[in-house]
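I opened my notebook to look a few things up in this structure. I kept the entries short.

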Amino acid sequence: MQTQQENGQLKRTMKTRHLIMLSLGGVIGTGLFFNTGYIISTTGAAGTLLAYLIGALVVWLVMQCLGELSVAMPETGAFHVYAARYLGPATGYTVAWLYWLTWTVALGSSFTAAGFCMQYWFPQVPVWAWCVVFCAVIFGLNVISTRFFAEGEFWFSLIKVITIIAFIILGGAAIFGFIPMQDGSPAPGLTNITAEGWFPHGGLPILMTMVAVNFAFSGTELIGIAAGETENPHKVIPVAIRTTIARLIIFFIGTVFVLAALIPMQQAGVEKSPFVLVFEKVGIPYAADIFNFVILTAILSAANSGLYASGRMLWSLSNEKTLPRCFARVNKNGVPLTALSVSMLGGVLALFSSVVAPDTVFVALSAISGFAVVAVWISICASHFVFRRRHLQSGQPLSALQYRAPWYPLVPVLGFVLCVVACVGLAFDPSQRIALYCGIPFVALCYGAYYLTRNLTTQEPEHVAE
């Protein structure tokens with residue numbers, strides 16, 4: 001089986017701490033920092049906690065499947081390569097383009113958001129100027145070397161992690177009266193959580209929230225993308241998966257609990273970030289400035305991860321001989337420069353569309369990218385189901401797998417079903433229905449493009465089950 005491209009190969013330079021922070025950095029972003037307040041306002045405190053717990057379960061199921069696949073076959077491109085092998089080459093091709101578009105759109109919107117963050121401090125400087133600066137910074141971090149990219153992502157993510165830990169500690173102290181409230185009011189305890197009842201708007205908003213929560217948890221799958229550039233993947237990947245999932249549950253559930261306890265349901269969901277509200281309630285000086293800085297690092301972290309992921313997807317497509325060979329070339333530092341450059345160009349085009357056609361082109365791109373995340377998770381669960389079945393059919397013992405997802409086939413089947421339910425749930429939410437209207441035709445377009453172009457590329461290499 002061919003696993004490296006003859007023009008060059010990616011280097012295994014990432015360590016455990018890089019892989020953990022890369023995954024955390026892909027997940028902890030503006031969704032957690034801003035959207036949580038809106039979710040609390042629509043579903044109530046208990047409904048939000050329940051939705052995030054279900055979302056955490058889905059993440060755990062998907063990551064168990066990805067962990068077994070990545071340890072058995074640590075390749076850059078990960079789930080698209082697995083989908084091609086176990087679900088068919090056209091499916092793998094489609095998964096790769098869905099995921100590429102997901103991060104490319106995120107790249108464009110991230111540069112715009114970072115520019116608005118900087119305008120908070122420098123209102124006289126236009127947003128486009130900051131976009132140019134950040135494009136150069138993120139491209140530089142990715143082009144120098146994979147290790148340099150990983151170090152940048154490590155520090156970006158560390159700032160977010162420290163902020164969330166401080167938020168949970170300070171907020172928890174304020175909830176139970178260890179830190180006095182800024183306005184002199186008594187400690188709220190758990191009164192805000194129970195004031196409106198457990199599920200004030202019933203169960204349907206929770207289903208809609210589950211869809212948004214699945215999107216909020218997206219990014220954990222970056223562990224699979226980076227598997228091909230990680231030192232000792234057999235040892236590092238299981239550690240990264242376990243620690244990432246544990247920390248995400250603590251961070252997300254802890255954050256939601258603090259927000260729900262300190263902010264009454266009627267005040268949540270307003271334009272101001274719920275984090276700023278809490279910092280102001282406990283009297284943290286310069287709360288808005290601190291949080292603007294944290295949001296800026298979160299956005300740059302997302303852009304950094306986005307360029308990395310989209311570039312590796314193009315490299316992997318070329319490595320699998322479904323794109324021209326030039327995309328698989330790497331420089332002396334093991335960086336796929338052509339693939340990164342084209343992905344950055346895609347991010348700039350997405351940025352341009354967010355300015356010129358925000359209500360048409362960019363809305364469609366954003367809808368497809370949201371739909372794509374869950375579609376990729378579905379492919380991971382399905383690939384794992386087929387992989388394990390073929391492994392057993394070949395007569396090999398389970399002990400040959402260095403990392404095994406527990407409770408097979410329940411884990412991949414339940415993960416698959418819950419992800420499909422999330423996609424079906426989109427149809428019941430008018431504001432998110434466009435994801436299906438745009439996403440399903442895009443999938444059909446990708447399948448059509450594969451079958452139209454496969455005769456124009458080099459003949460596909462044969463793949464074996466193991």
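**Entry: aromatic pairs**

How many aromatic pairs does the count come to? I was working with a predicted model. The count comes to 14 aromatic pairs.

I looked up Phe122 and Trp130 next. They form a tilted pair, with 5.7 Å from centre to centre and 40 degrees between the planes. The pair is called tilted because 40 degrees is neither under 30 degrees, which would be stacked, nor over 60, which would be edge-to-face.

Are Phe122 and Trp130 buried or exposed? Phe122 is partly exposed, at a relative accessible area of 36%. Trp130 is buried, at 16%. I checked the cut-off: Trp130 counts as buried because its 16% is under 20%.

Then I turned to Phe154 and Trp155. Their rings form an edge-to-face pair, with 5.1 Å centre to centre and 90 degrees between the planes. Phe154 is buried, with a relative accessible area of 13%.

I also noted an aromatic cluster. Tyr93, Trp97, Trp100, Tyr450 and Tyr451 form it.

**Entry: the whole protein**

What does the secondary structure come to? I found 16 helices and zero strands.

I looked up burial for the protein as a whole. Of its 466 residues, 57% are buried. The protein exposes about 18,500 Å². Carbon and sulfur atoms supply 68% of that area.

I then asked about contacts along the chain. I took those with a separation of 6 or more. Residues 24 or more positions apart account for 82% of them.

**Entry: Phe252**

Where does Phe252 lie? I found Phe252 in helix α10, which covers residues 233-262. Phe252 is buried, with a relative accessible area of 1%. I put Phe252 in the buried class because 1% is under the 20% cut-off.

I also looked up Leu53. Phe252 and Leu53 are 199 residues apart along the chain. Their C-alpha atoms are separated by 9.0 Å.

**Entry: salt bridge**

How many salt bridges does the structure hold? I found one. Glu68 forms a salt bridge with Arg388. Their closest N and O atoms are 2.7 Å apart.

Which parts of the chain does the pair link? Glu68 is in helix α2, residues 30-72. Arg388 is in helix α14, residues 361-393. The two residues are 320 residues apart, and the pair links distant parts of the chain. I checked burial here too: Glu68 is buried, and so is Arg388.

Notes
Residues numbered from 1 in each chain as written. Predicted model: local features only at pLDDT ≥ 70, side-chain atom pairs only at ≥ 80, totals over all residues. Heavy atoms only, no water. Phe/Tyr/Trp six-rings, centres within 6.5 Å; stacked < 30°, edge-to-face > 60°. Buried < 20%, exposed > 50% of the residue type's maximum accessible area, 1.4 Å probe, protein only. Helix = DSSP H or I, 4+ residues; strand = E, 2+ residues; numbered from the N terminus. Contact = heavy atoms within 4.5 Å. Areas by Shrake-Rupley, 256 points an atom, 1.4 Å probe, with all protein chains shown as cover. Salt bridge = Lys/Arg side-chain N within 4 Å of Asp/Glu carboxyl O.
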